[in-house]
Amino acid sequence: MLDDTLKVFKELTPRDFRILTGIEIEMKNFEWVPVPELQKYVGLPAEKLAFHLERLRRKKMVVSTIDPYIGYKIYFEAYDALALHTYVQRKTIAAVGSEIGVGKESVVIEVLKEPEIEIAEPEVLILKLHREGRTSFKQVKRTREHLVGKEHFSWIYAARLAAKREFTIMKNLYPDISIPKPIDQNRHTIVMEVAKGSELSKTKVLDPEWYLDEILKQIRLIYSKGIIHNDLSEYNIFVSEDGVQIIDWPQYITKDHPHAEELLRRDIENVLNHFAKKYMIVRDADEILKNILENTTFEDDITNEPGIEDLVTADDVTEAEMMTSDDFEEGEFAEDFDDFTVQD
(Lines give C-alpha, C1' and ligand atoms only; values in the text may rest on other atoms or scores of the structure.)
Protein backbone atom coordinates (compact mmCIF):
# COMPACT_ATOMS: atom_id res chain seq x y z
CA MET A 1 0.00 0.00 0.00
CA LEU A 2 2.82 2.43 0.81
CA ASP A 3 4.36 1.50 -2.54
CA ASP A 4 1.24 2.91 -4.24
CA THR A 5 1.61 6.14 -2.28
CA LEU A 6 5.28 6.49 -3.18
CA LYS A 7 4.48 6.10 -6.87
CA VAL A 8 2.41 9.29 -6.88
CA PHE A 9 4.14 11.16 -4.05
CA LYS A 10 6.41 13.27 -6.26
CA GLU A 11 3.47 14.16 -8.52
CA LEU A 12 1.57 15.83 -5.68
CA THR A 13 1.73 19.62 -5.57
CA PRO A 14 1.52 21.99 -2.59
CA ARG A 15 -2.08 22.64 -3.67
CA ASP A 16 -2.80 18.91 -3.50
CA PHE A 17 -1.38 18.73 0.01
CA ARG A 18 -3.49 21.73 1.01
CA ILE A 19 -6.64 19.96 -0.20
CA LEU A 20 -5.71 16.68 1.48
CA THR A 21 -5.03 18.52 4.72
CA GLY A 22 -8.38 20.26 4.50
CA ILE A 23 -10.16 16.93 4.14
CA GLU A 24 -8.09 15.49 7.00
CA ILE A 25 -9.02 18.31 9.37
CA GLU A 26 -12.72 18.34 8.47
CA MET A 27 -12.97 14.57 8.92
CA LYS A 28 -13.12 15.37 12.63
CA ASN A 29 -16.56 16.83 11.94
CA PHE A 30 -17.86 14.91 8.92
CA GLU A 31 -17.81 11.33 7.73
CA TRP A 32 -17.74 12.76 4.20
CA VAL A 33 -16.37 16.30 3.97
CA PRO A 34 -18.81 18.53 2.03
CA VAL A 35 -17.33 20.44 -0.86
CA PRO A 36 -18.48 23.87 0.48
CA GLU A 37 -16.61 23.21 3.77
CA LEU A 38 -13.50 22.16 1.88
CA GLN A 39 -13.79 25.19 -0.38
CA LYS A 40 -13.67 27.48 2.68
CA TYR A 41 -10.41 25.90 3.77
CA VAL A 42 -8.72 25.71 0.38
CA GLY A 43 -9.93 29.04 -1.00
CA LEU A 44 -10.39 27.85 -4.58
CA PRO A 45 -13.27 28.50 -6.97
CA ALA A 46 -15.63 25.53 -7.26
CA GLU A 47 -14.48 24.63 -10.78
CA LYS A 48 -10.78 24.59 -9.86
CA LEU A 49 -11.39 22.63 -6.70
CA ALA A 50 -13.43 20.06 -8.65
CA PHE A 51 -10.54 19.67 -11.11
CA HIS A 52 -8.00 19.07 -8.33
CA LEU A 53 -10.30 16.67 -6.49
CA GLU A 54 -10.88 14.60 -9.61
CA ARG A 55 -7.11 14.46 -10.17
CA LEU A 56 -6.59 13.27 -6.60
CA ARG A 57 -9.39 10.72 -6.96
CA ARG A 58 -7.73 9.21 -10.01
CA LYS A 59 -4.49 8.95 -8.05
CA LYS A 60 -6.47 7.14 -5.31
CA MET A 61 -5.66 9.86 -2.79
CA VAL A 62 -9.34 10.64 -2.11
CA VAL A 63 -12.68 8.86 -2.44
CA SER A 64 -16.05 10.52 -2.98
CA THR A 65 -19.77 10.10 -2.53
CA ILE A 66 -22.84 11.80 -4.01
CA ASP A 67 -25.32 10.55 -1.39
CA PRO A 68 -26.69 12.39 0.54
CA TYR A 69 -24.39 15.15 -0.79
CA ILE A 70 -21.11 15.44 -2.67
CA GLY A 71 -18.38 14.75 -0.15
CA TYR A 72 -14.82 13.45 0.13
CA LYS A 73 -12.64 11.51 2.53
CA ILE A 74 -9.08 10.23 2.60
CA TYR A 75 -7.76 6.79 3.47
CA PHE A 76 -4.35 5.64 4.62
CA GLU A 77 -2.69 6.22 1.22
CA ALA A 78 -3.27 9.97 1.47
CA TYR A 79 -2.52 10.01 5.19
CA ASP A 80 0.83 8.32 4.47
CA ALA A 81 1.56 10.97 1.83
CA LEU A 82 0.76 13.82 4.25
CA ALA A 83 3.08 12.38 6.87
CA LEU A 84 5.90 11.79 4.37
CA HIS A 85 5.45 15.33 3.08
CA THR A 86 5.97 16.70 6.57
CA TYR A 87 9.05 14.57 7.18
CA VAL A 88 10.59 15.71 3.89
CA GLN A 89 10.10 19.35 4.89
CA ARG A 90 11.59 18.72 8.33
CA LYS A 91 14.48 16.81 6.69
CA THR A 92 13.74 13.86 8.95
CA ILE A 93 13.53 11.48 5.99
CA ALA A 94 15.38 11.59 2.69
CA ALA A 95 14.68 8.09 1.33
CA VAL A 96 12.33 5.18 1.91
CA GLY A 97 13.69 1.64 1.88
CA SER A 98 12.34 -1.84 2.47
CA GLU A 99 9.31 -2.93 4.43
CA ILE A 100 10.63 -4.97 7.35
CA GLY A 101 7.49 -5.73 9.31
CA VAL A 102 3.72 -5.84 8.87
CA GLY A 103 1.17 -6.38 11.61
CA LYS A 104 -2.57 -5.97 11.99
CA GLU A 105 -2.13 -2.44 13.32
CA SER A 106 1.20 -1.17 11.98
CA VAL A 107 3.73 -1.27 9.16
CA VAL A 108 7.46 -0.84 9.79
CA ILE A 109 9.80 0.45 7.09
CA GLU A 110 13.50 1.32 6.91
CA VAL A 111 14.20 4.94 5.96
CA LEU A 112 17.29 7.07 5.51
CA LYS A 113 18.10 10.44 7.01
CA GLU A 114 20.69 12.61 5.30
CA PRO A 115 23.75 13.24 7.49
CA GLU A 116 24.30 16.70 8.94
CA ILE A 117 27.95 16.51 7.85
CA GLU A 118 28.42 16.02 4.12
CA ILE A 119 31.16 13.38 4.43
CA ALA A 120 29.14 11.24 6.87
CA GLU A 121 26.99 8.26 5.89
CA PRO A 122 23.18 8.54 5.83
CA GLU A 123 21.55 7.32 9.04
CA VAL A 124 19.24 4.30 8.86
CA LEU A 125 16.07 4.83 10.90
CA ILE A 126 12.70 3.13 11.31
CA LEU A 127 9.39 4.59 10.13
CA LYS A 128 6.41 3.04 11.90
CA LEU A 129 3.00 3.67 10.37
CA HIS A 130 0.07 2.97 12.67
CA ARG A 131 -2.95 1.30 11.09
CA GLU A 132 -5.32 1.16 14.09
CA GLY A 133 -8.92 1.04 12.98
CA ARG A 134 -8.23 -0.09 9.43
CA THR A 135 -9.89 -3.49 9.89
CA SER A 136 -12.21 -2.92 12.85
CA PHE A 137 -12.43 0.48 14.48
CA LYS A 138 -15.02 -0.76 17.00
CA GLN A 139 -12.63 -3.47 18.18
CA VAL A 140 -9.79 -0.95 18.53
CA LYS A 141 -12.01 1.36 20.61
CA ARG A 142 -12.84 -1.51 22.96
CA THR A 143 -9.19 -2.43 23.52
CA ARG A 144 -7.51 1.00 23.67
CA GLU A 145 -7.73 2.84 26.98
CA HIS A 146 -7.20 6.26 25.34
CA LEU A 147 -10.21 5.79 23.01
CA VAL A 148 -12.78 4.61 25.55
CA GLY A 149 -15.81 6.93 25.58
CA LYS A 150 -14.78 8.82 22.42
CA GLU A 151 -17.69 8.13 20.13
CA HIS A 152 -16.83 10.38 17.19
CA PHE A 153 -13.23 9.45 16.48
CA SER A 154 -12.66 8.00 13.01
CA TRP A 155 -9.91 5.56 12.07
CA ILE A 156 -7.75 8.52 11.09
CA TYR A 157 -7.68 9.75 14.67
CA ALA A 158 -7.45 6.26 16.17
CA ALA A 159 -4.21 5.81 14.23
CA ARG A 160 -3.04 9.35 14.98
CA LEU A 161 -3.70 9.00 18.70
CA ALA A 162 -1.91 5.67 18.84
CA ALA A 163 1.20 7.16 17.23
CA LYS A 164 1.10 10.33 19.32
CA ARG A 165 0.58 8.34 22.50
CA GLU A 166 3.37 5.89 21.69
CA PHE A 167 5.82 8.66 20.79
CA THR A 168 4.99 10.60 23.96
CA ILE A 169 5.60 7.64 26.24
CA MET A 170 8.81 6.77 24.42
CA LYS A 171 10.11 10.30 24.92
CA ASN A 172 9.26 10.05 28.60
CA LEU A 173 10.90 6.66 29.04
CA TYR A 174 14.05 7.23 26.97
CA PRO A 175 16.92 6.90 27.90
CA ASP A 176 16.14 5.51 31.38
CA ILE A 177 14.38 2.52 29.84
CA SER A 178 16.07 0.45 27.16
CA ILE A 179 14.09 1.37 24.05
CA PRO A 180 15.01 2.70 20.59
CA LYS A 181 15.50 6.47 20.65
CA PRO A 182 12.37 8.30 19.41
CA ILE A 183 13.30 10.80 16.67
CA ASP A 184 10.15 12.43 15.25
CA GLN A 185 6.39 12.01 15.04
CA ASN A 186 3.71 13.18 12.64
CA ARG A 187 0.09 12.14 12.27
CA HIS A 188 -0.11 8.32 12.46
CA THR A 189 3.64 7.75 12.16
CA ILE A 190 6.78 7.64 14.29
CA VAL A 191 10.43 7.82 13.29
CA MET A 192 12.85 6.12 15.67
CA GLU A 193 16.26 4.53 15.84
CA VAL A 194 16.61 0.93 14.71
CA ALA A 195 16.22 -1.55 17.57
CA LYS A 196 19.52 -3.22 18.44
CA GLY A 197 19.97 -6.89 17.71
CA SER A 198 17.19 -9.22 16.68
CA GLU A 199 13.70 -10.16 17.79
CA LEU A 200 13.73 -12.49 20.80
CA SER A 201 11.24 -14.88 19.16
CA LYS A 202 13.64 -15.45 16.25
CA THR A 203 16.85 -15.67 18.29
CA LYS A 204 18.51 -18.42 20.32
CA VAL A 205 20.52 -16.66 23.02
CA LEU A 206 23.59 -18.28 24.55
CA ASP A 207 22.89 -17.19 28.12
CA PRO A 208 19.09 -17.27 28.51
CA GLU A 209 19.19 -16.79 32.31
CA TRP A 210 21.03 -13.50 31.88
CA TYR A 211 18.63 -12.24 29.20
CA LEU A 212 15.61 -13.20 31.27
CA ASP A 213 17.04 -11.28 34.22
CA GLU A 214 17.62 -8.26 31.95
CA ILE A 215 14.03 -8.33 30.69
CA LEU A 216 12.61 -8.62 34.21
CA LYS A 217 14.86 -5.73 35.26
CA GLN A 218 13.36 -3.60 32.49
CA ILE A 219 9.82 -4.55 33.53
CA ARG A 220 10.63 -3.40 37.07
CA LEU A 221 12.19 -0.14 35.82
CA ILE A 222 9.19 0.56 33.60
CA TYR A 223 6.85 -0.02 36.53
CA SER A 224 8.92 2.37 38.65
CA LYS A 225 7.88 5.03 36.11
CA GLY A 226 4.25 4.17 36.81
CA ILE A 227 3.92 2.41 33.44
CA ILE A 228 3.02 -1.12 32.33
CA HIS A 229 3.77 -2.16 28.74
CA ASN A 230 0.55 -4.22 28.51
CA ASP A 231 1.54 -6.12 25.36
CA LEU A 232 4.93 -7.56 26.25
CA SER A 233 6.05 -10.79 24.60
CA GLU A 234 8.97 -12.33 22.72
CA TYR A 235 7.74 -10.49 19.60
CA ASN A 236 8.47 -6.97 20.86
CA ILE A 237 11.71 -7.59 22.74
CA PHE A 238 15.01 -7.26 20.88
CA VAL A 239 18.19 -8.90 22.15
CA SER A 240 21.82 -8.11 21.37
CA GLU A 241 25.23 -8.50 23.00
CA ASP A 242 24.54 -5.23 24.83
CA GLY A 243 21.29 -6.37 26.41
CA VAL A 244 17.61 -5.97 25.54
CA GLN A 245 15.37 -3.30 24.01
CA ILE A 246 11.59 -3.16 24.25
CA ILE A 247 9.43 -1.86 21.39
CA ASP A 248 5.71 -1.31 20.60
CA TRP A 249 4.18 0.98 23.23
CA PRO A 250 0.71 2.09 22.01
CA GLN A 251 -1.16 -0.17 24.44
CA TYR A 252 0.69 0.89 27.59
CA ILE A 253 -1.31 1.59 30.74
CA THR A 254 -0.50 3.38 33.98
CA LYS A 255 -0.23 1.86 37.43
CA ASP A 256 -3.60 3.48 38.27
CA HIS A 257 -5.46 1.35 35.73
CA PRO A 258 -8.14 -0.77 37.49
CA HIS A 259 -6.56 -3.96 36.09
CA ALA A 260 -2.92 -2.85 36.40
CA GLU A 261 -1.79 -5.75 38.57
CA GLU A 262 -3.49 -8.33 36.36
CA LEU A 263 -1.98 -6.87 33.19
CA LEU A 264 1.49 -6.56 34.71
CA ARG A 265 1.26 -10.23 35.65
CA ARG A 266 0.28 -11.08 32.07
CA ASP A 267 3.39 -9.30 30.73
CA ILE A 268 5.56 -11.26 33.16
CA GLU A 269 3.85 -14.56 32.28
CA ASN A 270 4.31 -13.99 28.55
CA VAL A 271 8.05 -13.60 29.03
CA LEU A 272 8.35 -16.54 31.44
CA ASN A 273 6.34 -18.81 29.11
CA HIS A 274 8.74 -18.09 26.25
CA PHE A 275 11.82 -18.93 28.31
CA ALA A 276 10.14 -22.02 29.77
CA LYS A 277 9.22 -23.42 26.36
CA LYS A 278 12.45 -22.55 24.57
CA TYR A 279 15.06 -22.89 27.31
CA MET A 280 13.34 -24.96 30.02
CA ILE A 281 13.83 -22.12 32.52
CA VAL A 282 11.02 -22.12 35.08
CA ARG A 283 10.29 -19.20 37.39
CA ASP A 284 7.28 -18.29 39.51
CA ALA A 285 5.25 -15.41 38.02
CA ASP A 286 3.45 -14.73 41.29
CA GLU A 287 6.72 -14.42 43.18
CA ILE A 288 8.17 -12.04 40.61
CA LEU A 289 4.98 -9.97 40.56
CA LYS A 290 4.90 -9.76 44.36
CA ASN A 291 8.54 -8.69 44.46
CA ILE A 292 7.91 -5.91 41.94
CA LEU A 293 4.74 -4.65 43.64
CA GLU A 294 6.22 -4.67 47.15
CA ASN A 295 9.71 -3.33 46.37
CA THR A 296 9.17 -0.72 43.67
CA THR A 297 9.23 2.99 44.50
CA PHE A 298 7.79 5.61 42.19
CA GLU A 299 10.31 8.44 42.56
CA ASP A 300 10.49 8.79 38.76
CA ASP A 301 6.73 8.39 38.18
CA ILE A 302 5.90 10.03 34.83
CA THR A 303 2.19 9.26 34.62
CA ASN A 304 1.14 12.77 35.59
CA GLU A 305 3.42 14.66 33.22
CA PRO A 306 1.66 16.95 30.69
CA GLY A 307 1.01 15.36 27.35
CA ILE A 308 1.04 11.73 28.45
CA GLU A 309 -2.61 11.38 27.32
CA ASP A 310 -2.34 14.05 24.66
CA LEU A 311 -5.10 14.14 22.02
CA VAL A 312 -5.40 16.05 18.77
CA THR A 313 -4.74 19.69 19.64
CA ALA A 314 -4.93 23.07 17.98
CA ASP A 315 -1.16 22.88 17.53
CA ASP A 316 -1.58 19.84 15.29
CA VAL A 317 -3.95 21.75 13.03
CA THR A 318 -1.66 24.77 12.97
CA GLU A 319 1.30 22.63 11.99
CA ALA A 320 -0.69 20.96 9.23
CA GLU A 321 -1.74 24.31 7.85
CA MET A 322 1.80 25.70 7.98
CA MET A 323 3.15 22.68 6.15
CA THR A 324 0.76 23.21 3.24
CA SER A 325 0.20 26.93 3.27
CA ASP A 326 -1.09 28.70 0.18
CA ASP A 327 1.81 31.13 0.64
CA PHE A 328 3.89 28.55 -1.23
CA GLU A 329 3.92 28.78 -4.99
CA GLU A 330 3.38 25.71 -7.15
CA GLY A 331 6.66 23.86 -7.56
CA GLU A 332 8.48 25.36 -4.58
CA PHE A 333 8.91 21.91 -3.04
CA ALA A 334 10.01 20.33 -6.29
CA GLU A 335 13.69 20.25 -5.33
CA ASP A 336 12.93 18.50 -2.05
CA PHE A 337 10.68 15.96 -3.72
CA ASP A 338 13.19 15.28 -6.48
CA ASP A 339 15.77 14.47 -3.81
CA PHE A 340 13.36 12.08 -2.10
CA THR A 341 14.09 8.56 -3.25
CA VAL A 342 12.77 5.05 -2.88
CA GLN A 343 15.37 2.38 -2.14
CA ASP A 344 15.14 -1.06 -3.74
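**Exercise 1. The hairpin of E11 and E12**

Task: In this predicted model, find how many residues lie between E11 and E12 in their hairpin. Then work out how the two strands pair and which residue of E12 stands opposite Phe238.

Solution.
Step 1. Start at the turn. E11 and E12 form a hairpin, and two residues lie between them.
Step 2. Look along the strands. They pair in the antiparallel sense, over four bridges.
Step 3. Pick out Phe238. Gln245 in E12 stands opposite this residue.
Step 4. Recall the general rule. Strands of a sheet pair through backbone hydrogen bonds, either parallel or antiparallel.

**Exercise 2. The sheet around E11**

Task: Give the order of the strands in the open sheet that holds E9, E11 and E12. Which strands stand at the edges? Then decide whether the residues on the two faces of E11 are buried or exposed.

Solution.
Step 1. Write down the order. The open sheet has three strands, E9-E11-E12, with antiparallel pairing.
Step 2. Find the edges. Strand E9 (198-199) and strand E12 (243-246) each have a single partner strand, so one side of each is left without a neighbour in the sheet.
Step 3. Check the other pairing of E11. Two bridges join E9 to E11 (residues 237-240), and these strands run antiparallel. Here Glu199 stands opposite Phe238.
Step 4. Turn to the faces of E11. Ile237 and Val239 lie on one side, Phe238 and Ser240 on the other. All four are buried, and both faces of E11 are covered.

**Exercise 3. A second open sheet**

Task: What is the strand order in the open sheet made of E1, E2 and E3? Which residue of E3 stands opposite Val63?

Solution.
Step 1. Read the order. It is E1-E3-E2, with antiparallel pairing in an open sheet of three strands.
Step 2. Find the edges. Strand E1 (33-34) and strand E2 (63-65) have a single partner strand each, so each has one side without a neighbour in the sheet.
Step 3. Count the bridges between E2 and E3 (residues 71-73). There are three, and the two strands run antiparallel.
Step 4. Locate the partner of Val63. Lys73 in E3 stands opposite.

**Exercise 4. The hairpin of E4 and E5**

Task: Find how many bridges join E4 to E5, and name the bridge partner of Glu99 in E5.

Solution.
Step 1. Place the strands. E4 covers residues 95-102 and E5 covers residues 106-113.
Step 2. Count. Five bridges join E4 to E5, and the strands run antiparallel.
Step 3. Find the partner of Glu99. In E5 this is Ile109.
Step 4. Follow the chain between the strands. A hairpin joins E4 to E5 through three residues.

**Exercise 5. The two faces of helix H3**

Task: Which residues of H3 are buried, and why do they line one face of the helix?

Solution.
Step 1. List the buried residues of H3 (residues 35-42). They are Leu38, Tyr41 and Val42.
Step 2. Look down the axis of H3. The buried residues fall within an arc of 90°, so they line one face of the helix.
Step 3. Link this to the general geometry. An α-helix has 3.6 residues a turn, so residues three or four places apart point the same way.
Step 4. Now take the face turned away from the buried side. This face carries the exposed residues Pro36 and Lys40.
Step 5. Step past the helix. Gly43 follows H3, and its phi is positive, near 75°.

**Exercise 6. Arg131**

Task: Where is Arg131 placed, and is this residue buried or exposed?

Solution.
Step 1. Find the place. Arg131 is in the loop between strand E6 (123-130) and helix H6 (137-143).
Step 2. Apply the cut-off. Buried means under 20% relative accessible area. Arg131 has 5%, so this residue is buried.
Step 3. Look for a partner. The side chains of Arg131 and Asp80 are joined by a polar contact of 2.9 Å.

**Exercise 7. A pocket and a cavity**

Task: What is the volume of the largest pocket? Which element gives the most to the lining of the second largest cavity?

Solution.
Step 1. Take the pocket. Its volume is about 830 Å³. The lining has 30 residues, and the closest to the centre are Val108, Glu199, Tyr235, Ile247 and Asp248.
Step 2. Sort the pocket lining by class. Twelve residues are nonpolar, seven polar and eleven charged.
Step 3. Move to the cavities. The structure holds two of 30 Å³ or more. The second largest has about 40 Å³ of space.
Step 4. Find its main contributor. H8 gives the most to this lining, with three residues.
Step 5. Sort the cavity lining by class. Seven residues are nonpolar, one is polar and one is charged.

Notes: Residues numbered from 1 in each chain as written. Predicted model: local features only at pLDDT ≥ 70, side-chain atom pairs only at ≥ 80, totals over all residues. Heavy atoms only, no water. Buried < 20%, exposed > 50% of the residue type's maximum accessible area, 1.4 Å probe, protein only. Polar contact = N/O pair within 3.5 Å; in protein donor to acceptor, adjacent residues only side chain to side chain. Arc of directions from axis to C-beta. Pairing = 2+ DSSP bridges. 1 Å grid on protein atoms, 1.4 Å probe; cavity = no way out; pocket = protein on both sides within 12 Å on 5 of 7 lines; lining within 4 Å. Points joined across faces, edges and corners; volume = space filled by probe spheres on them. Nonpolar A, V, L, I, M, F, W, Y, C, P; charged D, E, K, R; others polar.
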